[in-house]
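Student: Hey, can we go through this one together? I'd like to start with whatever is bound in there.

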Amino acid sequence: MRIVDAHVNICSPGRNFVTLKIVTEDGVYGLGDATLNGRELAVASYLRDHVVPLLIGRDARRIEDTWQYLYKGPYLRRGPVTMTAIGAVDTALWDILGKTTNQPVYRLLGGASRDAVLVYGHANGSSIEDTVDAVKRYAQMGYRAIRAQSAIPGVLHAYGVGRGTMYYEPAEKGRPLESVWSTEPYLDLVPQLFDRLRREVGFELHLLHDVHHRLTPIEAARLGKSLEPYRLFWLEDPVPAEQQTSFRTIRQHTTTPIAIGEVFNTIYDCSQLIEEELVDYIRMTVVHGGGVSHLRKVAALAELHHVRTGCHGATDLSPVAMAAALHFDLSVHNFGIQEYMRHTDETDRVFPHAYSFQAGAMHPGDAPGLGVDLDEALAATYPYDPAYLPVNRRLDGTVHSW
Ligand code: CS2
Ligand code: MG
């Protein structure tokens, strides 16, 4: 089953997406998401100019060998661009294998380990009141797990807030937005937010919060401790993730569960965190984490250390990545939860898909392969539109983690 063609599609139905399409000599094709927010064209070029020529003629069924070939072959390894490109190839090959064996991918990954996949949605507001109302709206829609983010007095363009109720797109058309950060009002506000939420909605709902890498280890320890009475499902990305030992400080001071990993690209970015059991959820994705094949290895290491999966599922990961994530989530043993930021109707029309949402959970569907497609004619009506993620600065102008 030789690969005879592969091409990269770039479109922007509401936001930019990069999709790899691999075609075999039997006319069967597979899709892989290759979207790297704010650096889309770098991955498109990596695929077009360096990877696609190497795929032509290869046996599409040799998924692991192709992964190793693309990972070890370039000599220079890892990083978001390389691993997003490899992730797209890997995902597309699993899609092809599912289609040629007439099986949904989750069945090829060992079958369903549960009936459906618990997901969480994003509630945000320009005030605590506003955020409480948004959480209640999500609960009414059937969500059993909700992430809550609120605007912070004195912080301009705080992460995760604004731009509509169902969709949140952090990337800005044109030049990066400059947001202004201040830690103290944030550390004061977040416990108040969750105190109010628990008093208003009770303790049955799972509540989550994303710090988005904006604290130091001791500040994160303090926040984790102050949130313990509100029993969060997780506190996400408390500190920048490059220095894995930083999490020892957090672990020493709080029992609030910690989630990390949406910015990770290989198992080496989290192996120490997992082996020292410094985190509770790993959020690596099929798109930025080297595909289904690599994510299974991360999950296997995590299982040894009581760490569960909590895959990133933001709007800048396309429906192709969401479909692949749900097949992975349905089959992996140590599943925790899946992030589900809804895509716009435009996006859903360009990427018709079999996955569905019901009563706070999702299922990938039983179509052969991933159960997602790309309408290339419709995609062509949405040309690429450069956009960048914000740059964060402290009150004194110093660049700060976002
Ligand atoms: C976020 C993302 O969903 C999340 O947990 O951290 O919205 C993130 O900011 C974007 O994916 C960045 O591209
Ligand atoms: Mg996040």
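Tutor: Sure, we'll take the ligands, then the metal, then one helix residue. This is a predicted model, where local features need pLDDT of at least 70, side-chain atom pairs count only at pLDDT 80 or more, and totals for chains, interfaces and linings use all residues. Side-chain values use heavy atoms, with hydrogens and water left out.

Student: Cool. Which residues come nearest to ligand 1?

Tutor: Of the 15 residues around it (a heavy atom within 4 Å), those are Tyr159, His212, Glu262, Asp316 and Glu339. The shell divides into seven charged, four polar and four nonpolar residues.

Student: What is 2.9 Å from an oxygen atom of ligand 1?

Tutor: A polar side-chain atom of asparagine 37 is. An N or O atom in the side chain of glutamate 236 also lies 2.9 Å from a ligand 1 oxygen, and for aspartate 210 the distance is 3.0 Å. The protein buries 96% of the 340 Å² that ligand 1 exposes when taken alone (Shrake-Rupley method, 1.4 Å probe).

Student: And the metal? Which residues are the protein donors of the magnesium ion?

Tutor: Asp210 (OD), Glu236 (OE) and Glu262 (OE), at 1.9 to 2.2 Å from ligand 2, the magnesium ion. Donors here are N, O and S atoms within 2.8 Å of the metal, or 3.2 Å for Na, K and Ca.

Student: How are those donors spaced in sequence?

Tutor: The pattern is D-x25-E-x25-E. Aspartate 210 sits in strand S8 (residues 206-210) and glutamate 236 in strand S9 (residues 234-236), so this pair ties together parts 26 residues apart in sequence. Strands are DSSP runs of E with at least two residues, and helices are H or I runs with at least four.

Student: New topic: where is aspartate 49?

Tutor: Aspartate 49 is in helix H1 (residues 40-55). Its side chain makes a 2.7 Å polar contact with that of serine 45.

Notes. Residues numbered from 1 in each chain as written. Chains lettered and ligands numbered in written order. Polar contact = N/O pair within 3.5 Å; in protein donor to acceptor, adjacent residues only side chain to side chain. Nonpolar A, V, L, I, M, F, W, Y, C, P; charged D, E, K, R; others polar.
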